[in-house]
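Student: I have just opened this entry and would like to be led through it step by step. Could we work by question and answer?

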Amino acid sequence: GRRGPAPRHRTVPGILGELARKRQLSEEVVSLLKAQFSDLPPELHSWRQMADYSPEMRQFACLLHLYHIKTYDYLRKILPLPHPYSLTNWLSNKEAAPGFSGDIFLRLQEKVERGEQAYRYCSVLVQDVSLQKQQEWDPQAKRLVGFVDLGAGALDADEAPLASEAIILMAVGISSPWTAPLGYFFVNSISGHFLAQLLRQAISKLNNIGIMVLAVTSSASAHSAEAARALGIRMDPTKIQCTFQHPPGSAHSIAYFFDVCHALLLIRNALQCLQKVECLGDTLWWQHVAELAALQEQRVLEPCSPESGRAGSKGSYQLKVNPATPLFSEGVAEALEHLQKLGLASFQNCSGTVKFVRLMSSLCDVFYGRGPCGKEFLLTGNYTRISSLFNEAKSFFVNLTDSVGRFIVTSKRKLGFLSFLLSAESLTWLSSNYTCPEDTPSRHLHTHAFSLDPLEQFLRALKQACGGSGSPTCTVFQAAYHKLLASCSLAPGSPRGGGNASPRDISLSRRRELTLGSIRAQYHPAPARTLAPEYPCSAGLLLPSCALSNALTDLSLYARSLTSAAGWLAEQLASDLQCEACLASLFETDESRLRCRSVLYIRKLGSVSLPSASVLHITSVSEQVLNRYGKVGGSNKNTKLWHLSLEQKVFQELLGESPLFPTLTNHLFEGDLSIDNHYTVLVKEITQYYLNIRTNPAQHLNLKYPCGRHRLKRLKGKHLFPSPVGSCQSS
């Protein structure tokens, strides 16, 4: 019950000090409150006589509520502090100031009031980004900036800390792919209890405008796990509680997810540190994965199968591992099995590793929405299969032990596995308790709403708007956020914050640390790109640069040189590509040996990999365009406009011809149906890369020769190092 009137001698600073001594409030928060709010009346009776809440009182209430809810509830019995849900409006601002964005909530409310069903349900994503600590003077506002600001005003006392992080919140549609940045908050440290209170405020504000929050997603980090526990989530592997009530004690439950990409990174780290993991008689060895990632090109003495009809071609192909292959994928499982069958010693007894990788691959298919089970989770047959998969994963994870028999889910390497189990429980619960309205655009759950991919896409656009490579200051961050907010559209499928990258590319970029290439780089850092001295033509440097030299050059040499140039170009592009399918399409491969994209059989021309027919064709057309239009341009050569005109002519030549990259036909429909899909981007990158190195080789190749000074080779009395396009003269 409520306490009686406090004794007159008690003051607000005295009460705060008393709470600090009882360890109910940290000394840091008490010092901040005393420094920032020294102008507030210390006597309790003065607070009771206030008719209105001053800006300082609002700041005091918001700060205390977000940092320590129990202390706030205690002081409400003594001081006339408002109900916690009344603080939501005080944490909101117009324009792009810290706090909740009033304009975004107003636009969402209008959509709900118009009866747009797609906006009735959403999930809330939360992520933090680092800031550069810096105090600056704002000449327009005539005040110092760079301090902690939770939406009710900056805490700018002399003793106040500078902001070191920004917490960003976003709402994402469950049945329709709309996104809405809800706001951001400048903080100097992040605690789980603070994050939990901020999430509750966001959920209350969305509920107030008629949007029901069904899920929350955060990173798989220490403070996020603390926030989940503060909300009421239980991560005990034997009894998982995947939902929390909001408001507390109500009947409405909200599911909690940890971002799958973060959880996978933690699982990778655990396996790498433990090296050997056992489960119910199966043994998983990290060394199998490390050996696969580090596998260099080599000849494998394997005769072709009779049905291939190519007997006698043994040894004509080199085995090559695709570095863009995701670690936890069916491709890695197939590759390990294939190498085991070939008899390679490093891959014997890998059945336990294959089993684990295949299980993780199936889980990723569900959470990334791949395949019919992932995309149509709510269908009865799929739901049954996925529930069985989740039960298998739970049994597997719970019984995982390290080399001395300790259970991993109770060890210091548990968070990744528990994050997956919690997210699986949440997805199962949500599928059982959520029914799509009849008039919604889609009848299935969009699993992207339960990952941080949409928010990461917004953050990438925000980073581009900030400029520079380091962490932004508060001033730069706020200006960039204002710019993105001005162009923000809440329509389903619209670019999130003006970013050019597609959601699929953002997802691939985030998972780059989870590829075989990233593991190879850990054990074998990539050397500087070099040209093999015995094959200078491997960089395309033997290509003639004008029509006259074309006529004088042996056609067989010309074709070989063009093929080598295209092969070298494919190798350079492959080192940067993040898409497994696109990387595989760059080379001529023997599909009859292994029909998976993680292990490729590539034919070689000298030291260079043979390119696919599509890469060779694009390179050939680009060379023809250079020979035809290379002299045009005059002083405008090597300008961006001149290069664009060349690219346009190449694309015009390619139009109407046979389709390129036949292996990407199905892949084209895996991502967004837009003009900038992987097919068109690949054609564009090959064209641009080739034109760049042919028109300005010194700038773009950055060649390093390992055998000392490179000697220019001659053929038929001609220098074969290219002269600038259009500079050839007949003699």
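The turns below go from the whole chain to its sheet, its rings and a few single residues.

Student: Before the details, what share of the residues in the protein chain is buried?
Tutor: What we are looking at is a predicted model, and its secondary structure comes to 27 helices and 20 strands. Among contacts with a separation of 6 or more, residues 24 or more positions apart account for 74%. Of the 731 residues in the protein chain, the buried share is 52%.

Student: In what order do the strands of the open sheet of eight strands run?
Tutor: The pairing in this open sheet is mixed. Its edge strands, each of which pairs on one side only, are β1 (92-93) and β11 (243-245). Reading across the sheet, the order is β1-β2-β7-β6-β3-β8-β12-β11.

Student: Is β3 paired with β8 in the parallel or the antiparallel sense?
Tutor: In general, strands of a sheet pair through backbone hydrogen bonds, and the sense may be either one. On one side β3 is joined to β6 by nine bridges, and those two strands run antiparallel, with S130 standing opposite E165 in β6. On the other pairing, V124 has V216 of β8 as its bridge partner, and the five bridges between β3 and β8 are in the sense called parallel.

Student: Is β3 largely enclosed or left open by the rest of the structure?
Tutor: A residue counts as buried when its relative accessible area is under 20%. Eight of the ten residues of β3 are buried, so the strand is, with respect to the rest of the structure, largely enclosed.

Student: Which residue in β7 stands opposite I167?
Tutor: Strand β6 (residues 165-173) pairs with β7 in the antiparallel sense, and eight bridges hold that pairing. Opposite I167, in β7, stands F185.

Student: What angle does the direction of α18 make with that of β7?
Tutor: Two helices can be described as packing on the sheet, and one of them is α9 (residues 222-231), which touches β3 (121-130), β8 (212-218), β11 and β12 (253-258). Helix α18 also packs on the sheet, where it touches β2 (99-101), β3, β6 and β7. Its direction and that of β7 make an angle of about 165°.

Student: Why is the pair of F100 and F105 called edge-to-face?
Tutor: A search of the whole structure finds 18 aromatic pairs, and this one has its ring centres 5.9 Å apart. Both F100 and F105 are buried, and K205 lies over the face of F105, at 5.0 Å from the ring centre. Planes over 60 degrees apart count as edge-to-face, so the pair earns that description from the angle between its planes, which is 85°.

Student: How many residues apart are Y184 and F477?
Tutor: These two form an edge-to-face aromatic pair, 5.0 Å centre to centre with 65° between the planes, and both Y184 and F477 are buried. Ring pairs also link them with F186, F458 and Y481 into a cluster. Since Y184 belongs to strand β7 (residues 179-187) and F477 to helix α18 (residues 474-486), the pair links distant parts of the chain, and the separation is 293 residues.

Student: Is A449 buried or exposed?
Tutor: A449 lies in the loop between α16 (415-433) and α17 (453-466). Leaving aside neighbours within four places in sequence, A449 is in contact with S123, L125, V172, G173, I174 and T217. Its relative accessibility is 0%, so A449 counts as buried.

Student: Which residues does the UniProt annotation "domain: Transposable element P transposase-like RNase H C-terminal" cover?
Tutor: The annotation comes from an unreviewed UniProt entry. In the model, the span is 66% helix and 0% strand, and its end C-alpha atoms lie 25 Å apart. The residues covered are 448-482.

Student: Is L280 buried or exposed?
Tutor: L280 has a positive phi, near 50°, in a residue other than glycine, and its place is the loop between β13 (276-279) and β14 (282-285). With a relative accessibility of 63%, L280 therefore counts as exposed.

Notes
Residues are numbered from 1 along each chain as its sequence is written. This is a predicted model: local features need pLDDT of at least 70, side-chain atom pairs count only at pLDDT 80 or more; totals for chains, interfaces and linings use all residues. Side-chain values use heavy atoms; hydrogens and water are left out. Rings of Phe, Tyr and Trp (its six-membered ring) pair if their centres lie within 6.5 Å; planes under 30 degrees apart count as stacked, over 60 as edge-to-face and the rest as tilted. Buried means under 20% relative accessible area, exposed over 50%, partly exposed in between (1.4 Å probe, protein chains only). Helices (H or I, at least four residues) and strands (E, at least two) are DSSP runs, numbered from the N terminus. A charge sits over a ring if NZ of Lys or CZ of Arg is within 6 Å of the ring centre and within 35 degrees of the ring normal. UniProt positions are given in the numbering used here, feature names are shortened, and annotations may be inferred rather than shown by experiment. Contact means heavy atoms within 4.5 Å. Two strands pair if DSSP finds at least two bridges between them. Axes are lines fitted to C-alpha atoms, for helices over the stretch in contact, and angles run from 0 to 180 degrees between N-to-C directions.
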